[in-house]
Amino acid sequence: ALIVQPDVLLLDEPLSNLDAQLRVEMRGEIRRIQQESRLTTIYVTHDQEEALSIADRIAVINDGCIEQIATPHQIYRKPATRFVSQFIGKVNIIEGTVQNIGENHAEIGSTIGNILSQRPDPGIDVGDAVLCVVRPESVCVIAPGSSLTAHNKIHSTIADTTYLGDHELLHLKVDGVDLTAIQVNPREESNSRGNEVIVTFEPDDVILLAID
């Protein structure tokens, strides 16, 4: 493909038949070759991690329509739609209504209590229905009675856990709403099903999306 010196190179899921470890090695090699050749490359993949790690810009396509085009960091941290937020990485979504918009933050009323979020983009006003999008790695789980100061502190129950070695997924229940938290490098088996805990997250980690 490279020897004919094309203007654009199209790679359509080139690593789909490889095992997981080899995929990681080969995507690094493809990225290196692309950077050295400075060749515009369109890389088609359903692997979100692969897209984030290899791309300069990502186009997320849903039913043949482009939902968002942006850098990997923007796609992950500032998704434009619900589909993009759920398609790229794991995500918690909480429905609510905008109660107040301040200079730097907004207050959202939701079924699990009031949530302080980052200031919404223009077009979202007081009274609008919104989605509060929070990534699992932004959710901190602490024991009840902890003196930790946080803007968003919500009582919850551990419904289940998934141990993955370098991190653990905590599946939480908050007033009927499912939340997921990621605990990095868990050292003890202290997160047992049924335990009461408190989840916290920073306002700047709460992304607001308008409900269409």
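This report covers the aromatic rings of a predicted model and the surroundings of one glutamate, E50. Local features need pLDDT of at least 70 and side-chain atom pairs count only at pLDDT 80 or more, while totals for chains, interfaces and linings use all residues. Residues are numbered from 1 along each chain as its sequence is written, and side-chain values use heavy atoms, with hydrogens and water left out.

The structure holds one aromatic pair (rings of Phe, Tyr and Trp, the last by its six-membered ring, with centres within 6.5 Å). F83 and F87 form this pair, at 5.5 Å centre to centre and 15° between the planes, and the pair is stacked (planes under 30 degrees apart). Both residues lie in helix α4 (residues 82-87), four residues apart, about one turn of the helix. Helices are DSSP runs of H or I with at least four residues, numbered from the N terminus.

R135 lies over the face of Y76, at 4.0 Å from the ring centre; the criterion is CZ of Arg within 6 Å of the ring centre and within 35 degrees of the ring normal.

E50 is placed in helix α2 (residues 48-54). Its side chain and that of R23 are joined by a polar contact of 3.0 Å (a pair of N or O atoms within 3.5 Å, one able to donate a hydrogen and the other to accept it). Beyond its neighbours within four places in sequence, E50 is in contact (heavy atoms within 4.5 Å) with L15, R23, R27, Y43 and T45.

Relative accessible area is classed as buried under 20%, exposed over 50% and partly exposed in between (1.4 Å probe, protein chains only).

| Residue | Relative accessibility | Class |
|---|---|---|
| F83 | 26% | partly exposed |
| F87 | 28% | partly exposed |
| E50 | 1% | buried |

Conventions: Rings of Phe, Tyr and Trp (its six-membered ring) pair if their centres lie within 6.5 Å; planes under 30 degrees apart count as stacked, over 60 as edge-to-face and the rest as tilted. Helices (H or I, at least four residues) and strands (E, at least two) are DSSP runs, numbered from the N terminus.
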